[in-house]
Amino acid sequence: MIKRVACLYRVSTKNQLIDDDIPMQIKACAKFIARQKTWKLEKEYIEKGVSGYHKSASERDALVQLKKDAANGKFDTLLVFMFDRLGRREDETPFIVEWLVNHGVEVWSVNEGQQRFDDHTDKLMNYIRYWQSSGESEHTSMRVAEKHNQLVMDGKFRGGVAPFGYRLEYSGEFNRRGYERKKLVIYEPEAVIVRRVFELSSDLDMGSYKVAKILNDEGLLTRHGSKWTVPTIVRMLRNTVYKGDYVAGKVRRKRGKPVASKKETWVHSKELVEDLIIVPEAMWEQVNANIDQRDTRTNAVPHDKSGFLLPDVAYCAFCNAKMHPRICRSKRRLKGTDEIAVYSSKYYFCPKNARQDDCDGHIQYGVKRIEAVVLDEIYMYLDSLKKMNVSRLATVHKAKFEKEQAKKLKPIEQKITALQKEVVRLEGEIMKCLMGESALTQEQLSEIMKENANALSELEKEKYSIIAEVEAITARLDELAAFGKPAVSWKKELASADAERQRELITMIVDSVHISRESIDITFKYDLHKIEEGVPPRRSLQVARYVEE
């Protein structure tokens, strides 16, 4: 019987690729398959520059697809050049191998043979293999980190993209592999903009938002031709390279996840690199001291939902970004007294606009008028439902819809059952074929089995597509049945509830509220009137628009 074989090829870094390919692993696997008379290459999965140590299995697209195909029976054998191509994580990879074997897939390595799980020793050896691979990767990471630290301490560029204000040139120095190292060189057309950013921040004590706005108003663009944003300005102001100081170790990776390191653990150049200085050290320190001071003295309370009605449904009408609630507190001395009064203002703000990102709207919108408009429209919406028994309509429509879908499923399930019986019959025919008692050849049987498997797969997809649709719509109808009580009761509860309960009720009724200075667009989750017409309830049907006077 022909065994369908899938191959997985992987290299950890792009530098290991040859002409954007992995020829050594591909050729080795092809030769191994050619030696097996009953093996046939069915599928190939390629991971170019994907770490099997830093990335978990769920983050590796090829491995996720491989597992899906294995679960669907699309191949019988998995072949890799070495088992560590599957991964190098001792807490994860051994169980992936065991999972594949338990799903009827043989796992083979060109260099290490087949991985079995016949007894406890096999399981132990499987774990030890990946425990060793994990240790090797950990030691490699430590060696690479130490190498980078040493380059930084010596005042040398350790690789990557040149920061804005610099360009890369060959240094005349060569590494152990014979590759010429590169170094940073000041690129004056960009360095002029860097100096302007620091001068605005230092001499005029401007915040990053104002700096970005000035650069954009003057038509100055980033290296990629885009507008300046607040995060870009902050990263520039925080970058120590502009004062001639290379830094390593700001971020450490723990199992592929970036983790910020404490400042005292950072590695700096032993001496400032004079050729890199665009901004004087004193100016750099002053600017960063100002940023630190602004960070600590801010009175804004970010993302605090208490007291807000729309934080779950509010969006910017211009860029569709989710609006964030914000409370800003200020202190003022009362006229003619020594008493200090504290004032609070609540608003929704657009995070994209605040970052000087692509948004033509306003940064923030006052809460009172917006929430008042939305509540008025909700009350009108509930008034329109007073005579409607939403719960009864939803229950009746659910029963009718499920009955109609059951009629669709019945012939599909009958075909699936018939095909499954045919597969069982053909499996019995295989034994006859091996004994020379079948009228069919091995190739004919294999082709028929393949056709049946494909047909069965398509029917299963169609079946689960219908089931998924039924589950989605019945879930909505159940939600509407839970809507339950008369609309007049909802209106009374909404009017008398505290802010937190009002927010919950609004989230159940409203799908989205798009906010701008000119209008507030309210989209309700369901057009309940459609249920009376026998139409499944859909989202985003009713829109109310209010224009400011």
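Visitor: How far is the sulfur of C7 from the closest cysteine sulfur?
Guide: The gap is 4.5 Å, and the partner is C29. That is too far for a bond. Keep in mind that this is a predicted model.

Visitor: And C7 itself, buried or exposed?
Guide: Buried, with a relative accessible area of 0%.

Visitor: What about C319?
Guide: The closest cysteine sulfur to that of C319 is in C350, 3.5 Å away. That is again too far for a bond, because a disulfide needs the two sulfur atoms within 2.5 Å. C319 counts as buried, at 15% relative accessibility.

Visitor: So how many disulfides in the end?
Guide: The count is 0.

Visitor: Let's zoom out. How many helices and strands are in the protein chain?
Guide: 14 helices and 19 strands. The chain has 549 residues, and 38% of them are buried.

Visitor: What share of the contacts join residues at least 24 apart?
Guide: 64%, taken among contacts between residues at least 6 apart in sequence.

Visitor: Show me a sheet. What is the strand order in the one with 5 strands?
Guide: The order is β2-β1-β3-β4-β5. The sheet is open and its pairing is mixed.

Visitor: Which strands stand at the edges?
Guide: β2 (39-48) and β5 (113-115). Each has a single partner strand, so one side of each has no neighbour in the sheet.

Visitor: How much are neighbouring strands turned against each other?
Guide: By 25° on average, direction ignored.

Visitor: How do β4 and β5 run?
Guide: They run antiparallel, joined by 3 bridges. β4 covers residues 106-109. S109 has G113 in β5 as its bridge partner.

Visitor: Which helix touches β1 and β2?
Guide: Helix α1, residues 23-35, packs on the sheet. It touches β1 (3-11), β2, β3 (77-80) and β4. The direction of α1 makes about 160° with that of β1.

Visitor: And where does α3 lie?
Guide: Helix α3, residues 93-102, lies across β3, β4 and β5. It runs at about 130° to β4.

Visitor: I see a tryptophan there. Which strand holds W108?
Guide: W108 lies in β4. Setting aside neighbours within four places in sequence, its contacts are F32, W39, T77, L78, L79, V80, F83, G113 and Q114.

Visitor: How far is W108 from T77, C-alpha to C-alpha?
Guide: 7.4 Å, although the two are 31 residues apart along the chain.

Visitor: There's an arginine I keep clicking on. Where is R60?
Guide: R60 sits in the loop between β2 and α2 (61-71).

Visitor: Is R60 buried or exposed?
Guide: Buried, with a relative accessible area of 3%. Not counting residues up to four places away in sequence, R60 touches L8, R10, E47, V50, S51, G52, K55, R85, L86 and G87.

Visitor: New topic: helix pairs. At what angle do α6 and α7 pack?
Guide: About 110°, with the axes 9 Å apart. The two helices are therefore roughly perpendicular. α6 is residues 208-217 and α7 is residues 230-238.

Visitor: Which residues make the contact?
Guide: From α6: S208, Y209, V211, A212 and L215. From α7: V230, I233, V234 and L237.

Visitor: How many residues are in α10?
Guide: 17, running from 367 to 383. The helix reaches 24 Å from its first C-alpha to its last, close to the 24 Å expected.

Visitor: Which residues of α10 are buried?
Guide: V367, I370, E371, V373, V374, L375, E377, I378, Y379, Y381 and L382.

Visitor: Any odd backbone spots? What is the phi of N320?
Guide: About 65°, a positive value, although N320 is not a glycine. N320 lies in the loop between β13 (314-316) and β14 (324-333). The residue is partly exposed, with a relative accessible area of 47%.

Visitor: Last one. What joins β17 to β18?
Guide: A hairpin, through 3 residues. β17 (residues 510-515) and β18 pair in the antiparallel sense over 5 bridges. I515 stands opposite I520 in β18.

Visitor: How many residues of β18 are buried?
Guide: 6 of its 6 residues, 519-524. Both faces are covered. S519, D521 and T523 are on one side, and I520, I522 and F524 are on the other.

Methods. Residues are numbered from 1 along each chain as its sequence is written. This is a predicted model: local features need pLDDT of at least 70, side-chain atom pairs count only at pLDDT 80 or more; totals for chains, interfaces and linings use all residues. Side-chain values use heavy atoms; hydrogens and water are left out. Helices (H or I, at least four residues) and strands (E, at least two) are DSSP runs, numbered from the N terminus. The expected span of a helix is 1.5 Å times one less than its number of residues. Buried means under 20% relative accessible area, exposed over 50%, partly exposed in between (1.4 Å probe, protein chains only). Two strands pair if DSSP finds at least two bridges between them. Axes are lines fitted to C-alpha atoms, for helices over the stretch in contact, and angles run from 0 to 180 degrees between N-to-C directions. Contact means heavy atoms within 4.5 Å. Angles under 35 degrees count as roughly parallel, over 145 as roughly antiparallel, 65 to 115 as roughly perpendicular and the rest as oblique.
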